[in-house]
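I wanted to get my bearings in a structure I had not opened before. Here is my notebook from that session, kept in the order in which I looked things up.

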Amino acid sequence: MAKRSFLIPGVDKRLLIKDSIKTMPDVTRRRFIAGGASLGALTLLTGCDVVDSSSAEEMLKQVSKFNDAVQAFIFNPDALAPTFPESAITKPFPFNAYYDLDDAPDVDGKDWKLEVRGLVDNKKSWTLDELYQLPQVTQVTRHICVEGWSAIGSWTGTPLRDFLKLIGADTRAKYVWFQCADKDGYNSPLDMRSALHPQTQMTFKYANEILPRAYGFPMKIRVPTKLGFKNPKYVVSMEVTNDYKGGYWEDQGYNSFSGS
Amino acid sequence: MASLTVTDEQIRATPAKVIQPAWVRVMHWINAFAMILMILSGWQIYNASPLFGFSFPREYTLGGWLGGGLLWHFAAMWLLMINGLAYLVTGFATGRFAKKLLPITASGVLHDVRAALTFKLGHDDLTVYNYVQRLLYAGIIVVGVLIVLSGLAMWKPVQLYYLVMLFGDYPTARYVHFFCMAAICAFLVIHVLLALLVPKSLRAMIIGR
Ligand code: HEM
């Protein structure tokens with residue numbers, strides 16, 4: 001039970017550390033959820049130490065799990081994300097990641113293969129040429145970032161549910177878990193109902209051009225019913241599984257369902 | 001001495017009038033607590049992608065980083081929504097809103113604003129809200145409803161698409177949410193100031209009389 005009392009926020013050394021955490025995407029960040037200046041402000045306002053950081057953090061985690069359940073409950077698999085005319089597309093569409101574009105994965109399309117694992121009948125890997133043979137559809141939808149900004153883009157690719165059917169995936173499984181080419185191993189779980197949503201797409205093109213590096217070449221998973229961080233780029237494998245395997249941002253505290 | 005005794009008996013015979021019933025007090029303070037959590041965590045979220053050319057000072061944000069701010073925001077929202085809904089239902093059902101907040105007339109507001117600015121606005125009867133109070137309270141209740149609706153629209157823009165439509169589009173809902181927050185902050189400053197200027201109103205909001 002780490003009691004904290006920051007009566008004068010700004011003098012505590014821990015506050016200095018906080019300035020650097022936005023650029024520090026690692027596990028140490030988790031510890032900041034309930035701590036630091038935040039509590040200083042609350043302590044000042046209420047005049048007492050109302051929130052003990054570790055128990056507050058535990059409470060917040062439980063509520064976030066509860067929020068996952070609530071969101072799964074209100075998720076309507078037939079509710080479509082609004083679509084827009086081409087004229088509404090945001091130009092330029094922002095590049096966003098926890099690294100600069102120069103550091104984005106640079107995947108060689110000739111060597112790349114999509115690995116398929118887990119509860120599927122056919123575990124063969126797919127080359128890009130093979131995937132390009134599958135029927136594709138285009139959607140113009142709004143990408144909404146967890147940070148609050150949003151942008152409208154045009155994505156073309158194969159509905160994920162068609163692909164899951166093709167490979168004989170057990171669609172009663174709970175998740176499709178994606179892994180990416182990012183050097184720290186970006187990954188993200190997608191609940192099966194969202195994976196089967198008609199607009200969830202294995203994306204190969206942006207604005208009718210082969211997906212550029214900035215937007216996730218060679219393949220991105222576009223899920224217009226989820227926040228952006230649950231739309232993985234540079235995907236290298238998908239696993240159909242009943243296990244919750246966590247995700248890059250989910251493990252750091254972003255709500256796991258994060259559906260819209 | 002005799003007259004004093006009579007007064008004492010009178011006091012004992014007629015218990016002091018309850019100015020703020022218990023449900024109003026409980027819900028008011030839960031709301032104040034939830035609002036402050038929402039505002040401080042909301043500032044954290046705002047800072048991740050500011051709408052305007054400024055950010056909120058870190059010392060006045062909750063959560064340490066965006067992920068923490070979101071956890072607080074989506075936890076405190078339940079407290080705010082459930083308490084707010086209970087307050088609205090009880091306020092309408094008991095007739096409190098109709099009795100205490102209505103009518104609100106332009107002439108009444110003008111008169112009381114003028115009186116307030118010249119320090120002639122009396123607070124002898126705390127059971128009756130003057131027109132400035134009525135306007136502010138009814139107004140902030142509407143803002144409270146708007147901030148929750150715009151928040152829900154942003155949280156579930158696909159499932160609650162009709163809510164997004166109500167505001168126009170997603171980015172507009174964000175602005176509405178922000179300006180409601182600004183209105184609540186402005187209200188809070190004036191409201192707390194006035195409560196401190198008329199301490200017996202604060203006392204009534206705490207102990208009821
Ligand atoms: C923490 C700081 C706060 C303090 C010290 C405070 C104090 C008070 C007091 C003393 C009253 C009764 C005043 C009177 O008789 O006119 C009151 C009423 C009220 N306050 Fe607050 N308040 C606070 C926060 C808030 C917040 C954040 C909101 C909403 C956003 C709010 C909304 C209201 C409303 C709507 C009423 C009228 C309640 C009714 O009659 O049903 N207050 N407050």
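The entries below go from the chains to the metal site, the spaces inside, the core and a few backbone oddities.

**Entry 1: what kind of model**

I noted at the start that this is a predicted model. I kept that in mind for every value below.

**Entry 2: the two chains**

I began with chain A and counted its secondary structure: six helices and ten strands. Chain A has 260 residues, and 55% of them count as buried. I also looked at its contacts with a separation of 6 or more, and 67% of those come from residues 24 or more positions apart.

Then I turned to chain B. How many helices and strands does chain B have? I found nine helices and zero strands, so reading along the sequence just gave me α-α-α-α-α-α-α-α-α. Of the 209 residues of chain B, 44% count as buried. Among its contacts between residues at least 6 apart in sequence, 66% join residues at least 24 apart. I also boxed the C-alpha atoms of chain B along the principal axes and got roughly 70 × 35 × 35 Å.

**Entry 3: the iron**

Next I went to the ligand. Which residues coordinate its iron atom? I found B:His28 and B:His191, each through NE2, at 1.9 Å. B:His28 sits in helix H2 (residues 22-48) of chain B and B:His191 in helix H8 (residues 170-197) of chain B, so this pair ties together parts that are 163 residues apart in sequence. I checked the geometry too: the iron atom has six donor atoms with angles of 81 to 179° among them, and the site is octahedral.

I then asked how open B:His191 is, and its relative accessibility is 21%. That makes B:His191 partly exposed, because buried means under 20%.

**Entry 4: the closed space**

I searched for cavities of 30 Å³ or more and found two in the structure. The largest cavity has a volume of about 890 Å³. Its lining takes in 42 residues, and those nearest its centre are B:Ile45, B:His73, B:Phe74, B:Met154 and B:His177.

Which element gives the largest share of that lining? H3(B) does, with eight residues. I listed the elements that each supply at least two residues of this lining: H3 of chain A, and from chain B H2, helix H3 (66-93), helix H6 (131-155) and H8. H2 and H8 of chain B are familiar from the iron entry, where they hold B:His28 and B:His191.

**Entry 5: an open pocket**

I moved on to the second largest pocket, which holds about 650 Å³ of space. It is lined by 30 residues, and A:Lys65, A:Asp68, A:Tyr244, A:Glu250 and A:Ser256 lie nearest its centre. Helix H3 (53-74), strand S6 (187-191) and helix H6 (192-195) of chain A each supply at least two residues of the lining. The largest share comes from H3(A), with nine residues. I had already met H3 of chain A among the suppliers of the lining of the largest cavity.

**Entry 6: the nonpolar core**

I looked up the largest nonpolar core and found 101 residues in it. The members that touch the most others are A:Leu114, A:Leu131, A:Phe163, A:Leu164, A:Met202, A:Met219 and A:Met238. I jotted down a reminder that in soluble globular proteins, nonpolar side chains tend to be buried together.

I picked A:Leu131 for a closer look. What does A:Leu131 contact, leaving aside its neighbours within four places in sequence? My list reads A:Trp112, A:Leu114, A:Trp126, A:Thr158, A:Phe163, A:Met202, A:Phe204 and A:Met219.

For a contrast I went to B:Leu110, in helix H5 (residues 106-117) of chain B. Is B:Leu110 buried or exposed? It counts as exposed, because its relative accessibility is 53% and the cut-off is over 50%. I also took its C-alpha distance to B:Tyr131: 8.3 Å in space, for 21 residues apart in sequence.

**Entry 7: backbone oddities**

I scanned for cis peptide bonds and wrote down two. One runs from A:Phe217 to A:Pro218, with omega near 5°. A:Pro218 is in the loop between strand S8 (209-210) and strand S9 (220-222) of chain A. The other runs from B:Leu102 to B:Pro103, with omega near -5°. B:Pro103 is in the loop between helix H4 (96-101) and H5 of chain B.

Then I noted positive phi values outside glycine. A:Ala207 has phi near 50° and sits in the loop between strand S7 (201-206) and S8 of chain A. Its relative accessible area is 37%, so A:Ala207 is partly exposed. A:Ser258 has a positive phi of about 35° and belongs to the segment after strand S10 (235-241) of chain A. With a relative accessible area of 6%, A:Ser258 is buried.

Key: Residues numbered from 1 in each chain as written. Chains lettered and ligands numbered in written order. Predicted model: local features only at pLDDT ≥ 70, side-chain atom pairs only at ≥ 80, totals over all residues. Heavy atoms only, no water. Donors = N, O, S within 2.8 Å, 3.2 Å for Na, K, Ca; no water. Tetrahedral: all angles 85-135°; square planar, octahedral: opposite > 155°, others 65-115°. Helix = DSSP H or I, 4+ residues; strand = E, 2+ residues; numbered from the N terminus. Buried < 20%, exposed > 50% of the residue type's maximum accessible area, 1.4 Å probe, protein only. Core = buried A, V, L, I, M, F, W, Y, C linked by side-chain atoms within 4.5 Å. Contact = heavy atoms within 4.5 Å. 1 Å grid on protein atoms, 1.4 Å probe; cavity = no way out; pocket = protein on both sides within 12 Å on 5 of 7 lines; lining within 4 Å. Points joined across faces, edges and corners; volume = space filled by probe spheres on them.
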